[in-house]
Amino acid sequence: MQSDAGATLHQPPFTKFWISRTLSSSSFQMLSVAIGWQMYALTHDAFSLGLVGLAQFLPMVLLTLVVGQVADRFDRRLIVFLCQLIEGAIAILLLAGSINGWLGRTEILVAAAVIGACRAFEGPSSSSLLPMLVPKELLPKAIAWTTSAGQTSMILGPTIGGLLYAAGPELVYTTSAVALFASCILTFFIRVERVARKSEPVTLSSLFSGLVFVRRHPVILGTISLDLFAVLLGGATALLPIFAQDILHTGPVGLGVMRTAPAIGALLMSLALAYYPMKRALGPTLFGALAVFGLATMLFAVSTQLWISLTALLLIGASDVISVVIRSSLVQLQTPDEMRGRVNAVNSLFIGTSNQLGEFESGTLAGLVGPVQAAFIGGLGTIAVAGLWMFLFPSLRRLKSLTES
């Protein structure tokens with residue numbers, strides 16, 4: 001009898017989707033490394049480097065309501081295909097600019113903004129496409145596998161991008177373009193049953209319907225907002241350079257290992273969940289994972305030994321994935337197909353906001369009270385938020401299965 005992960009991987013549409021997603025996400029990570037390095041090499045200006053991140057982040061915020069509408073009205077597979085095609089074209093333009101010497105600060109910022117806009121459309125469309133590729137009972141395993149693709153990209157993308165950049169940005173852009181075009185081809189050949197979309201008019205009400213849907217479903221609202229505030233407060237990874245240099249004295253090599261540790265923990269946990277999915281007591285499991293996340297953050301804050309810090313970072317990554325898989329599964333299973341694009345757009349906004357603002361919060365607090373205190377307070381704050389959410393969202397606390405509402 002074929003079971004767990006094997007049944008998921010033997011779904012041809014999902015296999016193409018998984019490989020395509022891995023290639024696309026890895027390419028994005030490689031491009032981010034190359035764009036950042038090249039911007040600083042050209043300008044030697046930290047402010048310009050910060051603008052690159054802002055150029056990638058702003059489209060996601062500004063286009064949230066639009067991308068949800070698009071994902072719910074048009075062929076999601078085609079949207080993902082076009083986004084990957086445009087990203088590949090941008091990589092080619094960056095390559096041409098590097099070779100011919102016309103690539104400057106403005107061109108890089110425009111490229112970063114276009115890539116950010118493509119990712120804004122691709123994320124919700126890709127997430128909304130996933131439930132159409134596997135039977136409903138395999139969806140939690142498919143989400144775990146998709147999460148593993150993201151974590152693999154987080155590990156391999158920056159590493160490959162950094163190694164290739166040593167030979168010049170042109171090699172990074174070439175590799176990214178090839179990977180993105182390969183991802184396009186795989187996406188194009190995904191076969192999915194066509195779904196008739198309602199031709200409802202675009203109104204102010206329909207634009208905000210994703211937010212309204214989340215607000216009216218306490219379990220979804222609870223888990224999305226819980227993840228937002230937990231990551232917002234517990235963003236210790238933003239302080240890794242300070243810990244590596246001033247506290248652990250490990251240098252650049254140690255910093256690289258520390259940056260990889262949460263992704264490795266997340267990858268291992270996502271693979272475990274692909275084979276052994278969570279089926280019972282999801283509410284207690286979610287809050288237990290957040291408690292581990294907070295305690296591991298506090299352990300990292302007070303550690304003065306590299307091996308202890310790495311252990312804490314592995315636990316941070318592993319416990320965070322449990323929250324990600326539960327949240328993603330709830331959103332997919334409890335949202336009607338015709339609303340998935342808009343709800344996934346809201347979910348993507350929450351995720352992006354928590355990551356970006358979490359780094360800002362951690363850096364600001366570290367500047368006020370010091371890095372150790374900031375990380376420790378962040379971990380403590382995560383545990384406090386978990387306790388508060390258990391009180392505010394009792395239905396989430398009592399949640400037993402993914403289909404409960």
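These exercises work through a predicted model.

**Exercise 1. Overall make-up**

Describe the secondary structure, the burial and the contact range of the protein chain.

Solution.
- Start with secondary structure. The chain has 18 helices and 0 strands.
- Turn to burial. Of the 405 residues, 53% are buried.
- Then take contacts with a separation of 6 or more. Residues 24 or more positions apart account for 87% of them.

**Exercise 2. The largest cavity**

Find how many cavities of 30 Å³ or more the structure holds, then characterise the largest cavity.

Solution.
- A search of the whole structure returns 6 cavities of 30 Å³ or more.
- The largest cavity encloses about 70 Å³.
- Its lining consists of 11 residues, and those closest to the centre are Pro-140, Pro-277, Met-278, Val-325 and Ser-329.
- Two or more lining residues come from helix H7 (139-165), and likewise from helix H15 (306-334).
- Sort the lining by class: 9 residues are nonpolar, 1 is polar and 1 is charged.

**Exercise 3. The second largest cavity**

Which residues line the second largest cavity, and which helices each supply at least two of them?

Solution.
- The volume is about 60 Å³.
- The lining residues are Phe-17, Ser-20, Arg-21, Val-80, Gln-84, Glu-122, Ser-126, Leu-129, Thr-187 and Ile-190.
- Helix H2 (12-43), helix H5 (76-100) and helix H6 (105-129) each contribute at least two.
- By class, the lining of this second largest cavity has 4 nonpolar, 4 polar and 2 charged residues.

**Exercise 4. Ser-20 in its surroundings**

Ser-20 is one of the residues lining the second largest cavity. Is Ser-20 buried or exposed, and which residues does Ser-20 touch?

Solution.
- Locate the residue. Ser-20 belongs to helix H2.
- Check accessibility. The relative accessible area of Ser-20 is 3%, and the cut-off for buried is under 20%, so Ser-20 is buried.
- List contacts, leaving out residues up to four places away in sequence. Ser-20 touches Gln-84, Ser-183, Leu-186 and Thr-187.
- Cross-check with the cavity. Gln-84 and Thr-187 also appear in the lining of the second largest cavity.
- Add a distance. Ser-20 and Leu-180 are 160 residues apart in sequence, yet 8.3 Å apart from C-alpha to C-alpha.

**Exercise 5. Gln-29 on helix H2**

Classify Gln-29 by accessibility and name its contacts.

Solution.
- Gln-29 also sits in helix H2.
- Its relative accessibility is 17%. That is under 20%, so Gln-29 counts as buried.
- Beyond residues up to four places away in sequence, Gln-29 touches Ser-153, Met-154, Gly-157 and Pro-158.

**Exercise 6. A tryptophan pair**

Why is the pair of Trp-18 and Trp-145 classed as it is?

Solution.
- Set the scene. The structure holds 7 aromatic pairs.
- Choose the descriptors. A pair of aromatic rings is described by centre distance and plane angle.
- Take the distance. The ring centres of Trp-18 and Trp-145 are 6.2 Å apart, and pairing requires centres within 6.5 Å.
- Take the angle. The planes stand at 90°, and the edge-to-face class begins over 60 degrees, so this pair is edge-to-face.
- Place it in the chain. Trp-18 lies in helix H2 and Trp-145 in helix H7, 127 residues apart.
- Compare accessibility. Trp-18 is partly exposed at 23%, whereas Trp-145 is buried at 8%.

**Exercise 7. Rings and charges**

Which residues form one aromatic cluster with Phe-81, and where do Arg-77 and Arg-119 lie?

Solution.
- Phe-81 clusters with Phe-188 and Phe-189.
- Arg-77 is placed over the face of Phe-188, 5.9 Å from the ring centre.
- The charged end of Arg-119 lies over the ring of Phe-28, at 4.5 Å from its centre.

Conventions:
Residues numbered from 1 in each chain as written. Predicted model: local features only at pLDDT ≥ 70, side-chain atom pairs only at ≥ 80, totals over all residues. Heavy atoms only, no water. 1 Å grid on protein atoms, 1.4 Å probe; cavity = no way out; pocket = protein on both sides within 12 Å on 5 of 7 lines; lining within 4 Å. Points joined across faces, edges and corners; volume = space filled by probe spheres on them. Helix = DSSP H or I, 4+ residues; strand = E, 2+ residues; numbered from the N terminus. Nonpolar A, V, L, I, M, F, W, Y, C, P; charged D, E, K, R; others polar. Phe/Tyr/Trp six-rings, centres within 6.5 Å; stacked < 30°, edge-to-face > 60°. Buried < 20%, exposed > 50% of the residue type's maximum accessible area, 1.4 Å probe, protein only. Lys NZ or Arg CZ within 6 Å of the ring centre and 35° of its normal. Contact = heavy atoms within 4.5 Å.
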